[in-house]
Amino acid sequence: MGGSVPPLAVDIDGTLSRADSSIDGRVLDVLREWDAPVVVATGKALPYPVALCQYIGVPPRVVAENGGVGLAEDEITYHGDREAAQRVVDEYVEAGYGTGWGRVDLVNKWRETEVAVAREQPLGPLEELAARHGLHVVDTGFAYHVKSPGMNKGRALRDVAAALDYGLSAFVAVGDSQNDVEMLAEVGTGYAVGNADEAAKAAADAVLDAEYADGFLAAVERILDEA
Ligand SMILES: O=C(O)COP(=O)(O)O
Ligand SMILES: [Mg+2]
């Protein structure tokens, strides 16, 4: 110890959560008391991380929709085309598949730059339709996200970090899946929790043995030790 605590970018699902997707309460005060900016970087639509920040008690500094939306210091940035993603999903449904969310689709209701499909749905035809429209499908381990290429958490974190007067390399990040790859690779030090997928583990500088929120808390211990 002795140096300063670095700004932190953290994924939600699979990283701050338990295996059942509920937030592990132990992480809340760790984030509230973090002695540098905290950016919540998620595949979820903007209201979810904004609410999380609000209830943790930190300013709303957020990457949402896998990089489609960035928010910091009263500035929102958008990268992506919800209508294009919607056309892909509409064609997918017309072809006889479904989004898998039921009649009230809270997963997509507030999305502005991409559309998500439940992982129980077949991936192949979704990828085929997305490719035909020049879009990508990212598997977060919690949903398939149809999105514009080139938009990712790393790209959006760069904008959010700049708004906070930091370079991306000053940040540490913790994540668990394919949608965290660019963020983990581009920050100063990227940590993958033990339950992370192979892509996230390969992109990270360090992989924790501990899983889910236990993995996040183990990463925090290392970050604070090295600060
Ligand atoms: O919403 C998802 O599919 C994943 O969310 P996450 O990026 O917070 O893990
Ligand atoms: Mg995740």
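This is a guided tour of one protein chain, stop by stop, for you to follow in your viewer.

**Before you start**

What you have open is a predicted model, in which local features need pLDDT of at least 70, side-chain atom pairs count only at pLDDT 80 or more, and totals for chains, interfaces and linings use all residues. Residues are numbered from 1 along each chain as its sequence is written, while chains are lettered from A and ligands numbered from 1 in the order in which they are written.

**Stop 1: the whole chain**

Show the protein chain as a cartoon. There are eight helices and 11 strands to find; helices (H or I, at least four residues) and strands (E, at least two) are DSSP runs, numbered from the N terminus. The radius of gyration, taken over C-alpha atoms, is 17 Å, close to the 17 Å that the globule rule gives for 227 residues, so the chain is as compact as a globular protein of that length. That rule is 2.2 Å times the number of residues to the power 0.38. Turn the model along its principal axes, and the C-alpha trace spans about 60 × 35 × 30 Å.

How much of the chain is buried? Of the 227 residues, 48% count as buried. A residue is buried if 20 or more other C-beta atoms lie within 10 Å of its own, exposed if 12 or fewer, and partly exposed in between, with C-beta atoms placed from the backbone.

Contacts tell you about the fold too: two residues are in contact if their C-beta atoms, placed from the backbone, lie within 7 Å. Among contacts with a separation of 6 or more, 58% join residues 24 or more positions apart.

**Stop 2: helices H3 and H4**

Select residues 82-94 for H3 and residues 123-132 for H4. Their axes come within 9 Å and cross at roughly 135°. Axes here are lines fitted to C-alpha atoms, for helices over the stretch in contact, and angles run from 0 to 180 degrees between N-to-C directions. H3 and H4 are therefore oblique to each other; angles under 35 degrees count as roughly parallel, over 145 as roughly antiparallel, 65 to 115 as roughly perpendicular and the rest as oblique.

Now show side chains. On H3, the contact uses Val88, Glu91 and Tyr92, and on H4 it uses Pro125, Leu126, Leu129 and Ala130. By class, that gives six nonpolar, no polar and one charged residues. Here Ala, Val, Leu, Ile, Met, Phe, Trp, Tyr, Cys and Pro count as nonpolar, Asp, Glu, Lys and Arg as charged, and the others, Gly among them, as polar.

**Stop 3: along H3 and beyond**

Stay on H3 and pick Glu83, which lies in this helix. Glu83 is exposed, with 8 other C-beta atoms within 10 Å. Add Glu114: the two are 31 residues apart in sequence but 8.0 Å apart in space, C-alpha to C-alpha.

Next, click Glu112, in the loop between H3 and strand S6 (115-117). Glu112 counts as partly exposed, with 15 C-beta neighbours inside 10 Å. Which residues does Glu112 touch, not counting residues up to four places away in sequence? They are Glu65, Gly68, Val69, Tyr78 and Arg82.

**Stop 4: helix H5 and its end**

Select residues 153-163, helix H5, and colour its buried residues: Lys153, Gly154, Ala156, Leu157, Arg158, Val160 and Ala161. These pack against strands S1 (8-10), S2 (38-41), S3 (62-64) and S4 (69-72), and against helix H6 (181-186).

Just after H5 comes Asp165, in the loop that leads to strand S9 (172-175). Its phi is near 70°, a positive value in a residue other than glycine. Is Asp165 buried or exposed? With 10 C-beta neighbours inside 10 Å, Asp165 counts as exposed.

**Stop 5: Gln178 and Ala199**

Gln178 lies in the loop between S9 and H6 and counts as buried, with 21 C-beta neighbours inside 10 Å. Beyond four places in sequence, Gln178 touches Val138, Asp139, Thr140, Asp197, Ala199 and Ala200. Ala199 belongs to helix H7 (residues 198-203) and counts as partly exposed, with 16 C-beta neighbours inside 10 Å.

**Last stop: Tyr212**

Finish at Tyr212 in helix H8 (residues 212-226). Phi of Tyr212 is near 50°, again a positive value in a residue other than glycine. Tyr212 is buried, with 22 other C-beta atoms within 10 Å.
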